[in-house]
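Colleague: I've just opened this one and I'd like some help reading it. Could you walk me through it, feature by feature?

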Amino acid sequence: MHTKTIVELGAGLKAGEFTSVELTRHFLERIERYNGELNAFVTITPETALQEAEAADRLLQSGQAGPLTGIPIAQKDIFCTQGVKTSCGSRMLDNFISPYDAAVVERLKQAGIVSLGKLNMDEFAMGSSNETSFYGPVRNPWDRNRVPGGSSGGSAAAVAARIAVAATGTDTGGSIRQPAALCGLTGLKPTYGRVSRFGMIAFASSLDQAGPMAQSAEDAALLLQAISGFDSRDSTCANELVPDYSASLNDSLEGLRIGLPGEYFGEGLDSAIAASIEAAINVYKGLGAEVVEISLPNTALAVPTYYVVAPAECSSNLSRFDGVRFGYRCEDPKDLEDLYKRSRGEGFGAEVKRRIMIGTYALSAGYYDAYYLKAQQTRHLISDDFSKAFEKVDVIMGPTSPATAFGLGEKTDDPVTMYLNDIYTIAANLAGLPAMSLPVEPVNGLPVGLQIVGNYFAEGKLLNVAHRYQQETRWHRQMPEEYVL
Amino acid sequence: MSLDRSDVEKIAHLARMALDETQIDTYASELSNILALVEQLEQADTSGIEPMSHPLHMAQRLRHDEVTEADRREANQAIAPQVENGLYLVPKVIE
């Protein structure tokens, strides 16, 4: 059962081939067997999962089931789940039992999914390798000596090893797309504002978005359908119509204009990955698409811009963790300042501290114009590059990540080297554009991701473009051999 | 911009975050490297460019000034480190 997609499992459930309880038990057994070596789950919730499965089976029997009813998935531990620990990968929230559900969690519950538990992640979603988690690194099921990517590394590893059918993720600078690429999944970061961020622990509020991580574009379409749409509780949530994402999956790609930015194929890109991307582009040419060379001249500014904007916003957002209202509190504080300082000093890990300090510095008196204001201007330049490109093309394609999964510990000594992993993904967050990653031909047995960036609210187009490729190829159905049985 | 020990101590104080004494030099060098990366922005010509504060260039949505939330004080305080009579407790501030 675990080698099947949501669409296939949904058909099996409806046909009565198996029940949601059987399916859920099967996945809980797999988690039991494999989570020790992968460290993908922080919290497993077998009791509530089985209750949800029983409820799903009743719905299935009454003929009222939807496409997600009874499907066992798991939530990134950044989404608040009522009554269940929501750690965000941090010691700061190791004792935090959320008093409410995030909008994403709520909507997936309404759609009838079964939640298997909460997935490991880089601390407060800050990282590209899942090595900054308080709960230890997640291992890549394709090679357990390698990282799964981050920050949604637990989500990626769980789906790649098929110990969950699909998972939720969040993406501030590539945290859905890069782990999806490194683990061979289909992941989508929606347009800024497409999905409600209510109850999703904030990192950088002008960049954060939630999205699905799945085995196929078809599955991602079902999940995105369930979580998208207006929510008055998130003041940045867009009041835009949600189209039927499944309905347009098979649209023809005849005449589709694909933009290839020269800047995404230059120095720093592994040549084998470049060849893999080129092969994928050729599949699109075969489907009737035309390729247009484009330029995104301010690409080199994306990483430096991000490392002002994201830390600045994180230093502000994370000021709420003060040891007073919830989360970690230090032992025996001698006064209020000591309470703040030691609770935060002991509760946050090194990467979170670095980013809070960079942000604090960039926003401090005398430096605001030189850093934050300047970065907001360069952000505009980056955004304008995309607007100009979308006058000429329908989608933009390139690699998701400059290399395949790297070794555990290989990049932990130098934060800046780690940051450069997100060189192709960050710009879409700065511009607020939707973008996805889907698996193409692997290199040396390791997954490679093709990134597709679309115009605002063009998620349907992205899923259509990805789905048509997945009709022509089988890369998305490959899984690490050890986990097939 | 290269940061030294005392800069890091100042920033950590502004962020109300205690640092391990033995880690301060490491932070100083790591933060200096990150700032060196960020300083590439200086090369960009941004004269006359509007700062971009919202990815969709939208204005903040406003709502009517009325009570919309139910009272969930008990549930919210159940997870606090220390409360008494509905109040959060911290070390004594005023002598």
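**Where the chains meet**

Modeller: Let's begin with the two chains: 54 residues of chain A are in contact with 39 residues of chain B. Keep in mind that this is a predicted model.

Colleague: Which helices of chain A each supply at least two residues of the side that touches chain B?

Modeller: They are α9, α10 (336-347), α11, α12 and α13 (415-419). The most comes from α12(A), with 11 residues.

Colleague: And how do the residues on that side of chain A divide by class?

Modeller: You get 28 nonpolar, 15 polar and 11 charged.

Colleague: How do I read a helix pair across the two chains?

Modeller: Look at the angle and the distance between axes, then at who touches whom. Take helix α11 of chain A (residues 350-363) and helix α1 of chain B (residues 5-14): they pack at an angle of about 90°, with axes 9 Å apart. An angle of 65 to 115 degrees counts as roughly perpendicular, so α11(A) is roughly perpendicular to α1(B). On the α11(A) side, the contact is made by Met357(A), Thr360(A) and Tyr361(A), and on the α1(B) side by Ile11(B), Ala12(B) and Leu14(B). By class, that contact has five nonpolar residues, one polar and no charged ones.

**Helix pairs inside chain A**

Colleague: What about helices within one chain?

Modeller: The reading works the same way. The axes of α9(A), residues 302-317, and α12(A), residues 369-389, come within 9 Å and cross at roughly 130°. The two helices are therefore oblique to each other, and their crossing is left-handed.

Colleague: Which residues of α9(A) and α12(A) make the contact?

Modeller: From α9(A) you have Ala302(A), Thr305(A), Val308(A), Val309(A) and Ala312(A). From α12(A) come Tyr371(A), Tyr372(A), Ala375(A), Thr378(A), Arg379(A) and Ile382(A). Sorted by class, this contact has eight nonpolar, two polar and one charged residues.

Colleague: Now α7(A) and α15(A): at roughly what angle do their axes cross?

Modeller: Roughly 155°, and the axes come within 8 Å. Anything over 145 degrees counts as roughly antiparallel, so that is how α7(A) runs to α15(A). Here Ala217(A), Glu218(A), Ala220(A), Ala221(A) and Leu224(A) in α7(A) meet Glu459(A), Leu463(A), Ala466(A), His467(A) and Gln470(A) in α15(A). The residues of this contact divide into six nonpolar, two polar and two charged.

**Inside and outside**

Colleague: How should I think about a nonpolar core?

Modeller: In soluble globular proteins, nonpolar side chains tend to be buried together. In this model, the largest nonpolar core has 167 residues, and Val104(A), Ala158(A), Val159(A), Ala164(A), Ala166(A) and Ile452(A) touch the most other members. The largest share of the core, nine residues, comes from α9(A). Zoom in on Val104(A): leaving out residues up to four places away in sequence, Val104(A) touches Phe79(A), Thr168(A), Val195(A), Ser196(A), Met200(A), Ala210(A) and Ile227(A).

Colleague: Is Ala226(A) buried or exposed?

Modeller: Buried, because 22 other C-beta atoms lie within 10 Å, and 20 or more is the cut-off. Ala226(A) is found in α7(A), residues 217-227. Ala226(A) and Arg107(A) are 119 residues apart in sequence, yet 6.3 Å apart in space, C-alpha to C-alpha. Beyond its neighbours within four places in sequence, Ala226(A) is in contact with Leu68(A), Arg107(A), Leu108(A) and Ala111(A).

Colleague: And where would I find an exposed residue?

Modeller: Try Glu482(A), in the segment after α15 of chain A. Glu482(A) is exposed, with 12 other C-beta atoms within 10 Å. Glu482(A) and Gly266(A) are 216 residues apart in sequence and 35 Å apart in space, C-alpha to C-alpha.

**Backbone details**

Colleague: Any backbone angles I should check?

Modeller: Start with a peptide bond: the one from Gly150(A) to Ser151(A) is cis, with omega near 10°. Ser151(A) lies in the loop between β3 (114-119) and α5 (153-160) of chain A.

Colleague: What is phi of Arg162(A) near?

Modeller: Near 55°, a positive value in a residue other than glycine. Arg162(A) sits in the loop between α5 and β4 (167-171) of chain A and is buried, with 20 other C-beta atoms within 10 Å. Phe457(A) is not a glycine either, and has a positive phi of about 60°. You'll find Phe457(A) in the loop between β11 (446-454) and α15 (459-472) of chain A, and Phe457(A) is buried, with 20 other C-beta atoms within 10 Å.

Methods:
Residues are numbered from 1 along each chain as its sequence is written. Chains are lettered from A and ligands numbered from 1 in the order in which they are written. This is a predicted model: local features need pLDDT of at least 70, side-chain atom pairs count only at pLDDT 80 or more; totals for chains, interfaces and linings use all residues. Axes are lines fitted to C-alpha atoms, for helices over the stretch in contact, and angles run from 0 to 180 degrees between N-to-C directions. Helices (H or I, at least four residues) and strands (E, at least two) are DSSP runs, numbered from the N terminus. Angles under 35 degrees count as roughly parallel, over 145 as roughly antiparallel, 65 to 115 as roughly perpendicular and the rest as oblique. Two residues are in contact if their C-beta atoms, placed from the backbone, lie within 7 Å. Ala, Val, Leu, Ile, Met, Phe, Trp, Tyr, Cys and Pro count as nonpolar, Asp, Glu, Lys and Arg as charged, and the others, Gly among them, as polar. A crossing is left-handed if the near helix is turned anticlockwise from the far one by less than a right angle, and right-handed if clockwise. A nonpolar core is a set of buried Ala, Val, Leu, Ile, Met, Phe, Trp, Tyr and Cys residues joined through C-beta atoms within 7 Å.
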